[in-house]
Amino acid sequence: AVDGAAMLSWLAMIYAWVDETGSALDQLESLAKMPNGPYFGALKYDPAWDALRKEPRFSALLNELQLRSK
């Protein structure tokens with residue numbers, strides 16, 4: 001239960017790297033609702049997520065996480 005969110009985040013990252021952006025965003029959107037899910041800073045600044053930066057769903061997710069972090 002503790003490491004599950006991290007494992008699923010890595011799966012989402014792999015989806016992003018192999019150009020499965022829909023699957024990556026599906027994972028991230030569900031993970032954002034979980035404890036220990038991805039946080040704003042990691043998604044915003046980690047170059048591993050560069051493949052998703054042009055996606056509107058990714059921008060919306062970042063905005064949602066930023067609002068929660070305040």
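A salt bridge here is a side-chain nitrogen of Lys or Arg within 4 Å of a carboxyl oxygen of Asp or Glu. The structure, a predicted model, holds 4 salt bridges. The tour begins with helix α1 and comes back to the charged pairs at the end.

**Helix α1**

Select residues 4-17, the span of α1. This helix has 14 residues and reaches 20 Å from its first C-alpha to its last, close to the 20 Å expected at 1.5 Å a residue. Now colour A5, S9, A12, M13 and A16, the buried residues of α1. Their arc around the axis is only 100°, which puts them on the same side of the helix. An α-helix has 3.6 residues a turn, so residues three or four places apart point the same way. Turn to the other side of α1 and M7 and W17 appear, both exposed. To see part of what covers the buried residues of α1, add α2 to the selection.

Stay on the buried side and pick S9, which is in helix α1. S9 counts as buried because its relative accessibility is 12%, and the cut-off for buried is under 20%. Show L31, P38 and W49 next: S9 touches these residues, not counting those up to four places away in sequence.

**From α1 into the loop**

Select I14, W17 and V18, which make a nonpolar surface patch of about 340 Å². V18 belongs to the loop between α1 and α2, the latter covering residues 21-31. With 52% relative accessibility, V18 counts as exposed.

Move to D19, in the loop between α1 and α2. Just after α1, D19 takes a positive phi of about 65°. Most residues other than glycine have a negative phi. D19 is exposed, its relative accessible area being 61%.

For another positive phi, go to N36 in the loop between α2 and α3. Phi of N36 is near 65°, and the residue is not glycine. N36 is also exposed, with a relative accessible area of 58%.

**Where the loop before α4 meets α2**

Select E55, found in the loop between α3 (40-45) and α4 (56-69). E55 counts as partly exposed at 22% relative accessibility. Leaving aside neighbours within four places in sequence, E55 is in contact with T21 and L25. Draw a C-alpha to C-alpha distance from E55 to G22: the two are 9.5 Å apart in space and 33 residues apart in sequence.

**The charged pairs**

Show the side chains of D26 and R57, which meet in a salt bridge at 2.7 Å, N to O. D26 lies in helix α2 and R57 in helix α4, so the pair ties together parts that are 31 residues apart in sequence. D26 is partly exposed, with a relative accessible area of 46%, and R57 counts as partly exposed at 33% relative accessibility.

Keep R57 in view and add E29. These residues form a salt bridge whose closest N and O atoms are 2.9 Å apart. E29 is in helix α2 and R57 in helix α4, so this pair ties together parts that are 28 residues apart in sequence. E29 is partly exposed, with a relative accessible area of 27%.

The last pair to select is D50 and R53, whose side chains meet in a salt bridge (2.7 Å, N to O). D50 is partly exposed, with a relative accessible area of 46%, and R53 counts as partly exposed at 28% relative accessibility. To finish, bring back D26, E29 and R57, which are joined into one network by salt bridges that share partners.

Methods
Residues numbered from 1 in each chain as written. Predicted model: local features only at pLDDT ≥ 70, side-chain atom pairs only at ≥ 80, totals over all residues. Heavy atoms only, no water. Patch = residues over 30% accessible without salt bridge, like charges linked within 9 Å, V, L, I, M, F, W, Y side chains within 5 Å. Areas by Shrake-Rupley, 256 points an atom, 1.4 Å probe, with all protein chains shown as cover. Helix = DSSP H or I, 4+ residues; strand = E, 2+ residues; numbered from the N terminus. Buried < 20%, exposed > 50% of the residue type's maximum accessible area, 1.4 Å probe, protein only. Contact = heavy atoms within 4.5 Å. Expected span 1.5 Å × (residues − 1). Arc of directions from axis to C-beta.
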